[in-house]
Amino acid sequence: MKIHHLLPGRAEHHIPAMIRFFARIHERLGAADAEPVFVFYDATPAQIARYRALLPGGCESIALRRGRVPVFRYVWGFSGRDALVLHSAFYPWLWLSLLARPGLWERSAWIMWGADIYGRRTLRGRVYRVIKGFVVKRLGGVSALVPGDFDDLQRLIGPCPNYIRAFYSPDYGELPAGARDGGGTTRVILGNSAWEQSNHVQALQWLGRFRDKPVEVICPLGYPKESPYKSEVISAGGRLLGERFRPLPEMVGWDDYNALLATCHVLVLNSLNQQGLGNLYCMLRAGAKIYIRGDCAIFRMLTEMGFSVYDTRDLERISFEEFADYTAENAQRNRQLFEENLSAEASIDNWLALLRKLGVAKAAA
């Protein structure tokens, strides 16, 4: 038996971490008799080479070209015992091919990412959502990286009885000692990407109140690569914060980016929808102060778990001292809660439950 992990190949900011995550926990999942296969959809040759270099020795991989013919051939070529885990899945031809293969449904699972559940508000988009919703309800399992996203899914497609919580916890390694001293400057990571839904400009207007304070606002804008919104954010940041604004318009290498995060004291996410979990998890482990919109599903998840997090909308009124102040006790409590709720170790029972539903993990003793 094999477990196929179908991944969006262009998401090079996520896939290396996911490969490391699944390679690390595979044996712990009790699925040693079901070997993982990593399938990269619509990746460039350079991306495929990079991903394959990270795979454990002997691990199988498939490069799947973009388009309906490669997708249909892939789905129809599935073995009768193999399982399929869709990591994100916003390409219509995949759902159409699954619609035509009902025998594969109970051995398939879908892990939703941030924007997966929303489609274009066109006739074609509505038809696609109906097809997708029909198949999703009949899969062996459906999960969301944030439970609130599953609630949104049910509001769109109706009751979905196959929810199983399964999540990723990428390993960013240990942070260097003293990396966050900062020399008296509070370093802020704002957002995670150049998506308009991140609401950077509104957050920059709030943070602009602190331009005369010892603050540096670092803004990752590496993806999508081509985005008019990126220029808008860079312009607003320069206008509102001057030299205290540091945009990152291009993708930064994995090690360099993690080293940069290690120097930061505060994370600000102003998105209404789920995004930025990689930054968030790294910063929680680092003991940084976390600001997230109080009306976002991520905020609800973290507060229900007991984390100390703060509402981004409060930045409109609080003082710089309130913004930057954070106790060592709160930082340590967040680290402990992360290990208990969001770490790779904490994820194993959830993934076991999902793989058992798909018939590729040993039953519980």
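The exercises below work through helices, strands and salt bridges of a predicted model.

**Exercise 1. Determine which residues of helix α13 are buried and how they are arranged around its axis.**

Solution. Begin with the helix itself: α13 covers residues 328–341, which makes 14 residues, and from its first C-alpha to its last it reaches 20 Å, close to the 20 Å expected at 1.5 Å a residue. Next, sort its residues by accessibility, where buried means under 20% relative accessible area and exposed means over 50%. The buried residues include Ala331, Asn334, Leu337 and Phe338. Viewed down the axis of α13, the buried residues fall within an arc of 125°, so they line one face of the helix. The face turned away from this buried side carries Ala328 and Glu329, which are exposed. Finally, look for what covers the buried residues of α13: the cover includes α10 (277–286) and α11 (297–305).

**Exercise 2. Carry out the analysis for helix α2 and find what its buried residues pack against.**

Solution. Helix α2 spans residues 45–54, and its buried residues are Gln47, Ile48 and Tyr51. Seen down the axis of α2, these buried residues fall within an arc of 100°, so they line one face of the helix. On the other side of α2, the exposed residues are Pro45, Ala46 and Ala53. The packing partners of the buried residues of α2 are α1 (15–25), β2 and β3 (60–64).

**Exercise 3. Describe how strand β1 is enclosed and with which strands it pairs.**

Solution. Start with accessibility: six of the seven residues of β1 (residues 2–8) are buried, so this strand is largely enclosed by the rest of the structure. Then follow the pairing to β2 (residues 35–41), which is parallel to β1 and joined to it over seven bridges; in this pair, His4 stands opposite Val37 in β2. Turning to β4 (residues 83–87), four bridges join it to β1, and these two strands also run parallel; here Leu6 stands opposite Leu86 in β4.

**Exercise 4. Work out the strand order of the six-stranded open sheet, and explain why one side of each edge strand is left without a neighbour.**

Solution. The order of the six strands is β9-β8-β7-β10-β11-β12, with parallel pairing in an open sheet. The strands at the edges are β9 (245–248) and β12 (310–311), each with a single partner strand, so one side of each has no neighbour in the sheet. Helix α8 (residues 228–241) packs on the sheet, where it touches β8 (215–220) and β9, and the direction of α8 makes about 165° with that of β9. Within the sheet, β10 (residues 266–269) and β11 (residues 289–292) pair in the parallel sense over four bridges, and Val268 stands opposite Tyr291 in β11.

**Exercise 5. Classify the partners in three of the salt bridges as buried, partly exposed or exposed.**

Solution. The structure holds eleven salt bridges, and the three chosen here are taken in turn.

- Asp152 forms a salt bridge with Arg155, with the closest N and O atoms 2.2 Å apart. Both residues lie in helix α6 (residues 147–157), three residues apart, about one turn of the helix. Asp152 has a relative accessible area of 18% and is therefore buried, whereas Arg155, at 61%, is exposed.
- Asp295 and Arg293 meet through their side chains in a salt bridge of 3.0 Å, N to O. With a relative accessible area of 32%, Asp295 is partly exposed, while Arg293, at 10%, is buried. These two residues also belong to a network of salt bridges that links Arg293, Asp295, Asp311 and Arg313.
- Arg317 forms a salt bridge with Asp314, and their closest N and O atoms are 3.5 Å apart. Arg317 counts as exposed at 59% relative accessibility, and Asp314 counts as partly exposed at 27%.

**Exercise 6. Find which residues Asn350 touches, leaving aside those up to four places away in sequence.**

Solution. First place the residue: Asn350 is in helix α14 (residues 344–357). Then list its contacts, which are Ile164, Arg165, Ala166 and Phe167. Lastly, set sequence against space for one of these: Asn350 and Arg165 are 185 residues apart in sequence, yet 5.9 Å apart in space, C-alpha to C-alpha.

How values were computed. Residues numbered from 1 in each chain as written. Predicted model: local features only at pLDDT ≥ 70, side-chain atom pairs only at ≥ 80, totals over all residues. Heavy atoms only, no water. Expected span 1.5 Å × (residues − 1). Buried < 20%, exposed > 50% of the residue type's maximum accessible area, 1.4 Å probe, protein only. Arc of directions from axis to C-beta. Contact = heavy atoms within 4.5 Å. Pairing = 2+ DSSP bridges. Axes fitted to C-alpha atoms, helices over the stretch in contact; angles between N-to-C directions. Salt bridge = Lys/Arg side-chain N within 4 Å of Asp/Glu carboxyl O.
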